[in-house]
Amino acid sequence: MNKTFGIRLKELRNEKNLTQAEVAKIFGVSKTTICQWETSKQEPSLNDVLAIAKFFEVTTDYLLGAEE
């Protein structure tokens, strides 16, 4: 799996001063899931990627590493 998503998710979360637990609650997943996404041990669903992009006001291409 491409590690870009996890790195960018963590950066965006930290920019908003959110904990993994807070982000997990926002997206209806467990804190463990957020940790696994950030460490590239698990891939989010397409719906999760779309929701994350919308919440952090970035494109899905940015999240997935297709653009800077």
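Visitor: What makes the meeting of the Glu 38 and Arg 13 side chains a salt bridge?

Guide: Distance and atom types. This is a predicted model, and in it the two side chains come to 2.6 Å, N to O. The cut-off is 4 Å between a side-chain nitrogen of Lys or Arg and a carboxyl oxygen of Asp or Glu, so the pair qualifies. A search of the whole structure turns up 1 salt bridge.

Visitor: Why say that this pair links distant parts of the chain?

Guide: Look at where the partners sit: Glu 38 is in helix α3 and Arg 13 in helix α1, 25 residues apart.

Visitor: How do you know whether Glu 38 is buried or exposed?

Guide: Its relative accessibility is 10%, and buried means under 20%, so Glu 38 counts as buried. Arg 13 gets that label too, because its value is 8%.

Visitor: Why is Arg 8 called buried or exposed, whichever it is?

Guide: Buried, because its relative accessibility is 9% against a limit of 20%. Arg 8 is part of helix α1. Beyond four places in sequence, Arg 8 touches Tyr 62, Leu 63, Gly 65, Glu 67 and Glu 68.

Visitor: And what makes Leu 50 partly exposed?

Guide: Leu 50, in helix α4, has a relative accessible area of 43%. Partly exposed is the range between under 20% and over 50%, so Leu 50 belongs there. Leu 50 and Thr 60 are 10 residues apart in sequence, with their C-alpha atoms 6.5 Å apart in space.

Visitor: How do you know that the buried residues of α3 line one face of the helix?

Guide: The residues in question are Thr 33, Ile 34, Trp 37 and Glu 38. Viewed down the axis of α3, they fall within an arc of 135 degrees, so they line one face. As a rule, an α-helix has 3.6 residues a turn, so residues three or four places apart point the same way. The cover over the buried residues of α3 includes α1, α2 and α4.

Visitor: What puts the buried residues of α4 on the same side?

Guide: Here the buried set is Asp 48, Val 49, Ile 52, Ala 53 and Phe 56. Their arc around the axis is only 135 degrees, which puts them on the same side of α4. The face turned away from that side carries the exposed residues Leu 46, Asn 47 and Lys 54. Among the elements covering the buried side are α1 and α5.

Visitor: Why are α2 and α3 described as roughly perpendicular?

Guide: Their axes cross at roughly 105 degrees and come within 8 Å. Roughly perpendicular runs from 65 to 115 degrees, so α2 and α3 fit that label. Where they meet, Gln 20, Ala 21, Val 23 and Ala 24 are on the α2 side, and Lys 31, Ile 34, Cys 35 and Glu 38 on the α3 side.

Visitor: Which residues have the most contacts inside the largest nonpolar core?

Guide: Phe 5, Leu 9, Trp 37, Ile 52, Phe 56 and Leu 63, in a core of 15 residues. Helices α1, α2, α3, α4 and α5 each give two or more residues to this core, and the largest share, 4 residues, comes from α4. Leaving aside neighbours within four places in sequence, Phe 56 is in contact with Leu 9, Leu 12, Arg 13, Lys 16, Leu 18 and Phe 27.

Technical notes:
Residues are numbered from 1 along each chain as its sequence is written. This is a predicted model: local features need pLDDT of at least 70, side-chain atom pairs count only at pLDDT 80 or more; totals for chains, interfaces and linings use all residues. Side-chain values use heavy atoms; hydrogens and water are left out. Buried means under 20% relative accessible area, exposed over 50%, partly exposed in between (1.4 Å probe, protein chains only). The arc is that of the directions from the helix axis to the C-beta atoms. Contact means heavy atoms within 4.5 Å. A nonpolar core is a set of buried Ala, Val, Leu, Ile, Met, Phe, Trp, Tyr and Cys residues joined through side-chain atoms within 4.5 Å. Axes are lines fitted to C-alpha atoms, for helices over the stretch in contact, and angles run from 0 to 180 degrees between N-to-C directions. Angles under 35 degrees count as roughly parallel, over 145 as roughly antiparallel, 65 to 115 as roughly perpendicular and the rest as oblique.
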